[in-house]
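Here are my notes on this one, as numbered points you can check against the coordinates. Tell me where you read things otherwise.

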Amino acid sequence: MCFPEKQGKNLLGESYMCDQICNRFTVRETLCTNRAFRAYDEGGRQEVFLKCWPKGDERANHEIAMLTGIDSPYTPKFICTFEEDGYRYLAEEWIPGETLADLLHRKGCLSFEHSGEIVKALCDALSFLHWNKRGAIAFVDLKPSNIIICGDVESGVFGITLVDYEAAMCLENEPGLSTQVAETRKLGSCYYTAPEVIFGRPDLTCDIYSLGVVLYEMCTGMLPFEGETPELESSSSLSSLTIFSSSSVVDSCVLSSLDELSFSGEPIPSGISIPSGGSIPSGISIPSGISIPSSGSIPSGSSIPSGI
């Protein structure tokens, strides 16, 4: 993508050539494969985040509608939208800080205390969406790269912002919901996206599921699942996932969730396995299609379907 060039000056007074969009926004940094930019708004005299789509792409209309309809301190402020050279642009508030993904990359994992503080802030952010004035909104694509942390987590003085509302859904009276669900499957990451979305039945609980995965990753430095499919295309993405666990409490939570993930008779995809050494807490019913290694511990009272 090429933009008109404009001469500018850096902090040292040295001249340089920079890209300009719509005779108003000066591009300072390309963030994502020519789709997202950090830019300076000459009109508003502020830094902004620019995102673009090919003209006519419905994803643009959807994200713009989401941002303009949400009033939350945890959501970037909408600035404007415009078209130029066959592209539709969205300009929104620039949020200084680093993503949770970058923070975890630097530190590996966080303490339970700091992880808990971030989760509390995320719960507040999600509550603004789930009880929004325009109706219940599911964020859907909650993951570390979509969470910006402003401030210092270790000192306890920080804030969080949720970014990228391309996959978000207004669940009340949402037109074309089935089409949007299909598109969301392509947008989400299979490691964070809830099975409700995979099976085409998204609701507010999908954000709680994603929040649990984010919490697990913050505390352990690893994902609770591992697999070969990086992008979510269909329910088949759940096959060949391995569940990692470090305690019977986590085992209980994961397996309880799996036991309930059957929508209108749809079974859990086969191929999900529990690695050697995993323990199955008492009272947990194991869904069909989940294999348990011979070294796994199965306490009395657990219900194991035939064929496993």
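**Notes on the packing**

1. Let's start with L162. Leaving out residues up to four places away in sequence, L162 touches Y74, T75, P76, L122, A125, L126, L129, F139, L142, N146 and I147. Keep in mind throughout that this is a predicted model.

2. Where does L162 belong in the bigger picture? The largest nonpolar core has 38 residues, and L162 is listed among those with the most contacts inside it, along with L100, L122, I160 and Y165. At least two residues of this core come from each of α1 (58–69), α2, α3, β10, β11 and α6 (205–220). Helix α3 gives the largest share, seven residues. As a general backdrop, nonpolar side chains in soluble globular proteins tend to be buried together.

3. There is also a second core, separate from that one. This core has twelve residues, including V27, A39, V48 and A91.

4. L100 deserves a point of its own. L100 sits in helix α2 (residues 100–107) and counts as buried, with a relative accessibility of 0%. Which residues does L100 contact, leaving aside its neighbours within four places in sequence? They are L110, I118, P144, I147, I149, V214 and M218. Take I118 from that list: L100 and I118 are 18 residues apart along the chain, with their C-alpha atoms separated by 9.5 Å.

5. On to the aromatics. The structure holds four aromatic pairs. F82 and Y89 make a stacked pair, because their ring centres are 4.9 Å apart and the planes are at 10 degrees, where stacked needs under 30 degrees. Both F82 and Y89 are buried. F25 joins F82 and Y89 in one aromatic cluster.

6. F139 and Y165 are another matter. Their ring centres lie 5.0 Å apart with the planes at 80 degrees, so this pair is edge-to-face. The pair links distant parts of the chain, 26 residues apart: F139 is in the loop between β9 (137–138) and β10 (147–152), while Y165 is in the loop between β11 (157–162) and β12 (169–170). F139 is buried at 0% relative accessible area, and Y165 is buried as well, at 1%. Both residues have come up already: F139 is one of the residues that L162 touches, and Y165 is among those with the most contacts inside the largest core.

7. Now the charged side chains. The structure holds 15 salt bridges. E47 pairs with R38, with 2.3 Å between the closest N and O atoms. E47 is partly exposed, at 27% relative accessibility. Its partner R38 has an aromatic neighbour too: R38 lies over the face of W94, at 5.9 Å from the ring centre.

8. D57 and R59 also form a salt bridge, at 2.7 Å from N to O. Are the two partners buried or exposed? D57 is buried, with a relative accessible area of 19%, so it falls just on that side of the 20% cut-off. R59 counts as partly exposed at 23%.

9. K120 and E117 meet in a salt bridge as well, at 3.6 Å from N to O. Both are in helix α3 (residues 112–130), and they are separated by about one helical turn because they are three residues apart. E117 is partly exposed, at 34% relative accessibility. Elsewhere, salt bridges that share partners join R35, K51, D57, R59, E63, D164 and E166 into one network. The D57 and R59 bridge from the previous point has both of its residues in that network.

10. Last, the cysteines. How many disulfides does a search of the whole structure find? Zero. For C22, the closest cysteine sulfur is that of C80, and at 7.6 Å this is too far for a bond. C219 is in no disulfide either, since the nearest cysteine sulfur, in C109, is 8.2 Å away and the limit is 2.5 Å. C22 counts as partly exposed, at 31% relative accessible area, and C219 is partly exposed at 22%.

How values were computed:
Residues are numbered from 1 along each chain as its sequence is written. This is a predicted model: local features need pLDDT of at least 70, side-chain atom pairs count only at pLDDT 80 or more; totals for chains, interfaces and linings use all residues. Side-chain values use heavy atoms; hydrogens and water are left out. Buried means under 20% relative accessible area, exposed over 50%, partly exposed in between (1.4 Å probe, protein chains only). A salt bridge is a side-chain nitrogen of Lys or Arg within 4 Å of a carboxyl oxygen of Asp or Glu. Helices (H or I, at least four residues) and strands (E, at least two) are DSSP runs, numbered from the N terminus. Contact means heavy atoms within 4.5 Å. Rings of Phe, Tyr and Trp (its six-membered ring) pair if their centres lie within 6.5 Å; planes under 30 degrees apart count as stacked, over 60 as edge-to-face and the rest as tilted. A charge sits over a ring if NZ of Lys or CZ of Arg is within 6 Å of the ring centre and within 35 degrees of the ring normal. A nonpolar core is a set of buried Ala, Val, Leu, Ile, Met, Phe, Trp, Tyr and Cys residues joined through side-chain atoms within 4.5 Å.
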